[in-house]
Amino acid sequence: RRNSACSGALVAPRWVITAGHCFRTFDGVRVDYPVADLTTATVGRTDLTGAGGHQVTIVAVRQSRTADVALAKLETPITDVKPIRIGRHAPGIGAVVRLTGYGSTTSASPAPVTRLRTGQMTVASLAESVTGMRGHAPAPDTTPCPYDSGAPFFLERRTQRPTLVAVVSNGPSCPHTAVENAARTDNIAGWILTTIGRRSHP
């Protein structure tokens, strides 16, 4: 049991994607069920002190076998928030991606913020389960911090909705100018789509 928080993104009416380590035992073992007495997801609310959006109980969790990624199932569907698009192709090195989350602004005495924050990073490297990200804008040390775990990295295009490419996993103490290790999602898109009940082929 713990009182903690992570960020995430809606990928289907009843599913939120986040970091796998957001659901773990005290000794760090990732688990396929909510470990707290009550685990809730807040969706569609950019100001957590407000009353908009939805607060929904998480009833099940599915863990990726290859990346620090989890899918959390909601008790009831969210029908008035458009889910993020699941990318099936890796972003190019140097591509600019956007990050949004409710994490702290520093690793020193961290605490979640109540307003959604955003910044941009560039793709620095690609590995089997990790996409390396480096700060871009508004400053070179634009990076995730504690409680941003699971927050989405996504490509922005004028002709289609934002496309998920990774989620926040781990990195150095923040803010920093080093490479952030994001959990890659493009190469587990088939698992994501199958788990949330959508066809896994294009």
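**Exercise 1. Sort the residues that line the largest pocket by class, then find which elements and residues build that lining.**

*Solution.* Start with the classes: the lining of the largest pocket splits into 26 nonpolar, 15 polar and six charged residues. Keep in mind as you work that this is a predicted model.

Next, get the volume, which comes to about 1400 Å³ for the largest pocket. Of the 47 residues in its lining, the ones closest to the centre are C6, S7, G8, T42 and Y102.

Now go through the secondary structure. Two or more lining residues come from each of β1, β2, β3, β4, β7 (96-101), β10 and β11. The top contributor is β3, which gives four residues.

**Exercise 2. Do the same for the second largest pocket, beginning with its volume.**

*Solution.* This pocket has a volume of about 320 Å³. It is lined by 17 residues, and S104, R117, T118, T142 and T143 are the closest to its centre. The elements that hand over two or more residues are β7 and β8 (117-126). Sorting by class gives five nonpolar, nine polar and three charged residues.

**Exercise 3. Work out the strand order of the five-stranded sheet and pick its edge strands.**

*Solution.* Trace across the sheet from one side to the other and you'll read β1-β2-β5-β4-β3, an open sheet with antiparallel pairing. The edges are β1 (9-12) and β3 (40-43), since each of these pairs on one side only. Then look at the twist: neighbouring strands here are turned against each other by 45° on average, ignoring direction.

Now zoom in on one edge. β3 runs antiparallel to β4 (residues 54-63), and four bridges hold the two together. For a landmark, find T42, which sits opposite Q55 in β4. You've met T42 already, among the residues closest to the centre of the largest pocket.

**Exercise 4. Find the strands that pair with β11 (residues 160-170), and say in which sense each pairing runs.**

*Solution.* Take the partners one by one.

- β6 (residues 85-86) pairs with β11 in the parallel sense over two bridges. R85 faces T163 there.
- β10 (residues 152-157) is antiparallel to β11, with five bridges between them. L155 has T163 as its bridge partner. A hairpin with two residues links β10 to β11.
- β12 (residues 180-184) is also antiparallel to β11, through four bridges. Here V167 stands opposite A183.

Put the landmarks side by side and T163 turns up twice: opposite R85, and as the partner of L155.

**Exercise 5. Follow the pairing from β8 to β9 (residues 130-137) and on to β12.**

*Solution.* Begin at β8, which is joined to β9 by six bridges in an antiparallel arrangement. The two make a hairpin with three residues between them, and M121 has G135 as its bridge partner.

Step across to the next pairing. β9 is antiparallel to β12, over four bridges. A handy marker is G132, whose bridge partner in β12 is N181. From β12 you can carry on to β11, thanks to the four bridges from the previous exercise.

**Exercise 6. Locate the largest nonpolar core and name the members that touch the most others.**

*Solution.* First, the background: in soluble globular proteins, nonpolar side chains tend to be buried together.

In this model, the largest core has 19 residues, and the ones touching the most other members are V11, I17, V69, L71, I86, I192 and I196. At least two residues apiece come from β1, β2 (15-18), β11 and α1 (189-195).

Then look for another cluster. A second, separate core holds 16 residues, including L10, V16, V31 and L74.

**Exercise 7. Is A60 buried or exposed, and how far is A60 from R88 in space?**

*Solution.* Place the residue first: A60 lies in β4. Its relative accessible area is 14%. The cut-off for buried is under 20%, so A60 counts as buried.

For the distance, go from C-alpha to C-alpha: A60 and R88 are 24 Å apart in space, with their positions 28 residues apart in sequence counted as separation.

Notes
Residues are numbered from 1 along each chain as its sequence is written. This is a predicted model: local features need pLDDT of at least 70, side-chain atom pairs count only at pLDDT 80 or more; totals for chains, interfaces and linings use all residues. Side-chain values use heavy atoms; hydrogens and water are left out. Two strands pair if DSSP finds at least two bridges between them. Axes are lines fitted to C-alpha atoms, for helices over the stretch in contact, and angles run from 0 to 180 degrees between N-to-C directions. A nonpolar core is a set of buried Ala, Val, Leu, Ile, Met, Phe, Trp, Tyr and Cys residues joined through side-chain atoms within 4.5 Å. Buried means under 20% relative accessible area, exposed over 50%, partly exposed in between (1.4 Å probe, protein chains only). On a 1 Å grid over the protein atoms alone, a cavity is a set of points where a 1.4 Å probe fits but cannot get out, and a pocket is an open set with protein on both sides within 12 Å along at least five of seven lines; lining residues have an atom within 4 Å of a point. Grid points are joined across faces, edges and corners, and a volume is the space filled by probe spheres set on the points. Ala, Val, Leu, Ile, Met, Phe, Trp, Tyr, Cys and Pro count as nonpolar, Asp, Glu, Lys and Arg as charged, and the others, Gly among them, as polar.
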